[in-house]
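Could you walk me through this protein in my viewer, one selection at a time? I would like to know what to click on next and what is there.

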Amino acid sequence: FGDNMESHFVVPRRLRDKPYELIEAANDWHYAMMNDLPRNEFYRSALRQLITPESFVLEIGAGSGLLSIIAASLGARRVVAIEANMHLANVARQIIHANGYGDRIHIINKMSTDVSPEELAQYGGRPTLLLSEILGTLLLGESALHYVADARRRLLGPGGAVVPPRGAQFATLVESFDIASITSVKLPPGISLDYFNSLQDTTSMVFTKQYGFRFSSAAYTELAPRTPVLAIDFSADEVGVWGGESRTTLRATRAGTVHAVMASWEVYAGEADALCMATHPDATLGNFPRDMQWGQGLQLIE
Ligand SMILES: C[S@@+](CC[C@H](N)C(=O)[O-])C[C@H]1O[C@@H](n2cnc3c(N)ncnc32)[C@H](O)[C@@H]1O
C-alpha cells in the first residue's frame with residue numbers, strides 16, 4: 001500500500017507493507033458490509049434453522065470469514081469457505097484461527113468454479129449446505145446465480161440446502177426532484193441550458209453509491225407500487241434457462257413526473273420464507289451501512 005502512495009502522504013506503519021487491493025477491499029465496502037447487523041442476523045437465523053452437528057457447510061466467498069464463523073458457531077461439524085481473493089483468504093485464515101475455529105473451518109483460495117468435488121471430499125464427504133453472500137446492488141449483478149448454480153450442481157451433496165434459497169428483483173417508478181437536480185438542469189428564466197439536457201444518460205443503470213447519496217435522504221414519491229421483475233430460486237434455477245428477454249410493464253398509479261426507475265431486491269430464507277433481507281429505501285432507512293454498501297440502482301427516464 002505504501003508503494004502506491006506518493007511520498008508526501010503519511011502512511012501508517014501498519015499499512016505500509018499491506019497489498020493495495022486488500023486495503024481497498026476493506027475500506028471500500030467490507031467495513032460497511034460487516035456492520036450491516038440485520039444482514040448478519042438474517043444469515044444467522046437462516047443457518048440456525050438448518051445446521052445440525054452433521055452439517056458440512058460450503059461457503060462461496062469467505063471475505064473476512066464472518067459467515068463461516070457464524071455457521072461453525074451454530075454447530076456445523078465442518079465449514080469450507082472458498083475465497084478468490086488471495087489477500088482476503090489469508091486474512092480470513094487469521095481471523096478464523098484467532099476465533100478458535102482453525103480445526104473446523106478451512107479456506108480454499110480459488111474461484112468456486114475451479115474447486116472440484118474431489119478437493120472437498122478430503123474434508124469429509126459432500127457439503128450438506130451451500131452458503132453465499134455474493135449479492136450486488138442488483139440481485140444478480142455479481143453473478144450470484146451463476147456461481148451458486150455451478151456449486152449446487154457440482155459440489156453440493158444430494159438434497160443439500162441453499163442459503164439464501166430465494167430472492168426477487170424489484171423495480172419502482174419514482175418521482176424525485178432531488179434526483180432530477182443532479183441528473184438534468186432546469187434554471188429560472190434568463191439563461192436557457194435546455195440543450196444540456198439532450199446529454200442526459202438514460203441508458204446506464206447508475207448505483208446510488210456511485211452518486212454518493214442515500215436514497216432515503218432524497219425527497220421522492222413512489223408513483224407505482226414496487227413491482228417484481230425477476231424471481232430467483234437459488235436452490236433450483238439454472239443459468240441461461242430464459243431463451244429471450246422478459247418485459248414487465250410499470251404503470252404509474254398516481255399523477256406526477258417519473259424521473260427514474262429504482263431497482264431494489266429482497267432475499268428470503270427460513271420456514272415459509274419468513275426471513276427477509278431487503279434493499280428498498282424504506283427497509284434501509286435505519287441501516288446506514290446497507291445503503292452505503294448496496295444502496296439501490298437508478299435508471300433515469302426521459
Ligand atoms: C460480499 S463478500 C461476502 C463476504 C462474507 N461472506 C460476508 O458475508 O461477510 C463476497 C466475497 O466473495 C468473493 N467471491 C465472490 N464470488 C466468488 C466466487 N465465485 N468464488 C470465490 N470467491 C468469490 C469475493 O472476493 C468477496 O470477498
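Start by selecting helix α3, residues 37-48. In this predicted model, the buried residues of α3 are Arg 39, Asn 40, Phe 42, Tyr 43, Ser 45, Ala 46 and Leu 47. The helix has 12 residues and runs 16 Å from its first C-alpha to its last, close to the 16 Å expected at 1.5 Å a residue.

Stay in α3 and show the side chains of Glu 41 and Arg 44. They form a salt bridge, with the closest N and O atoms 3.1 Å apart. Why do these two suit each other along the helix? Being 3 residues apart in helix α3, Glu 41 and Arg 44 are separated by about one helical turn. An α-helix has 3.6 residues a turn, so residues three or four places apart point the same way. Glu 41 is partly exposed, at 37% relative accessible area, and Arg 44 is partly exposed too, at 25%.

Two distances start from buried residues of this helix. Draw one from the C-alpha of Ala 46 to that of Ala 274: the separation is 9.6 Å, although their positions lie 228 residues apart along the chain. Ala 274 sits in the loop between β10 (260-269) and β11 (275-278), and with 62% relative accessibility it counts as exposed. Draw another from Tyr 43 to Gln 94; here the C-alpha atoms are 22 Å apart, for 51 residues along the chain. Gln 94 belongs to helix α5, residues 86-98, and is exposed, with a relative accessible area of 60%.

Now zoom out for a moment. The protein has 11 helices and 12 strands, and its C-alpha trace spans about 75 × 55 × 35 Å along the principal axes. Of its 302 residues, 45% are buried.

Next, select Ile 69 in helix α4, residues 66-73. Is Ile 69 buried or exposed? At 14% relative accessibility, it counts as buried. Its C-alpha is 7.3 Å from that of Tyr 101, and the two residues are 32 apart along the chain.

Time for the rings. The structure holds 6 aromatic pairs. Select Phe 1 and Tyr 20, whose rings are stacked, 5.7 Å centre to centre with 15° between the planes. Phe 1 lies in the segment before α1 (13-16) and Tyr 20 in helix α2 (residues 20-34), so the pair ties together parts that are 19 residues apart in sequence. Phe 1 counts as buried at 18% relative accessibility, whereas Tyr 20 is partly exposed at 35%.

Compare that with Phe 213 and Phe 215. Their ring centres are 6.2 Å apart and their planes stand at 35°, so this pair is tilted. Phe 213 is buried, with a relative accessible area of 15%, and Phe 215 is buried at 0%. Add Tyr 211 and Tyr 220 to your selection, and you have a cluster of four residues linked by ring pairs: Tyr 211, Phe 213, Phe 215 and Tyr 220.

One more ring deserves a click: Phe 170. The charged end of Arg 226 sits over this ring, 5.6 Å from its centre.

Back to charges, where the structure has 12 salt bridges. Select Asp 291 and Arg 214, whose closest N and O atoms are 2.8 Å apart. What does this bridge tie together? Asp 291 is in helix α11 (residues 288-293) and Arg 214 is in the loop between α9 (208-211) and β8 (221-222), so the pair ties together parts that are 77 residues apart in sequence. Both Asp 291 and Arg 214 are buried.

For a bridge in other surroundings, pick Glu 245 and Arg 247, which meet at 2.8 Å, N to O. Glu 245 is exposed, with a relative accessible area of 63%, and Arg 247 is exposed at 74%. Then select Arg 152, Arg 153 and Glu 238, which salt bridges with shared partners join into one network.

Finish on the surface. Select Leu 187, Ile 191, Leu 193, Phe 196 and Leu 199, a nonpolar patch with about 540 Å² of accessible area together. Within the patch, Ile 191 lies in the loop between α8 (177-183) and β7 (205-207), and this residue is exposed, with a relative accessible area of 63%.

Conventions:
Residues numbered from 1 in each chain as written. Predicted model: local features only at pLDDT ≥ 70, side-chain atom pairs only at ≥ 80, totals over all residues. Heavy atoms only, no water. Patch = residues over 30% accessible without salt bridge, like charges linked within 9 Å, V, L, I, M, F, W, Y side chains within 5 Å. Areas by Shrake-Rupley, 256 points an atom, 1.4 Å probe, with all protein chains shown as cover. Salt bridge = Lys/Arg side-chain N within 4 Å of Asp/Glu carboxyl O. Helix = DSSP H or I, 4+ residues; strand = E, 2+ residues; numbered from the N terminus. Buried < 20%, exposed > 50% of the residue type's maximum accessible area, 1.4 Å probe, protein only. Phe/Tyr/Trp six-rings, centres within 6.5 Å; stacked < 30°, edge-to-face > 60°. Lys NZ or Arg CZ within 6 Å of the ring centre and 35° of its normal. Expected span 1.5 Å × (residues − 1).
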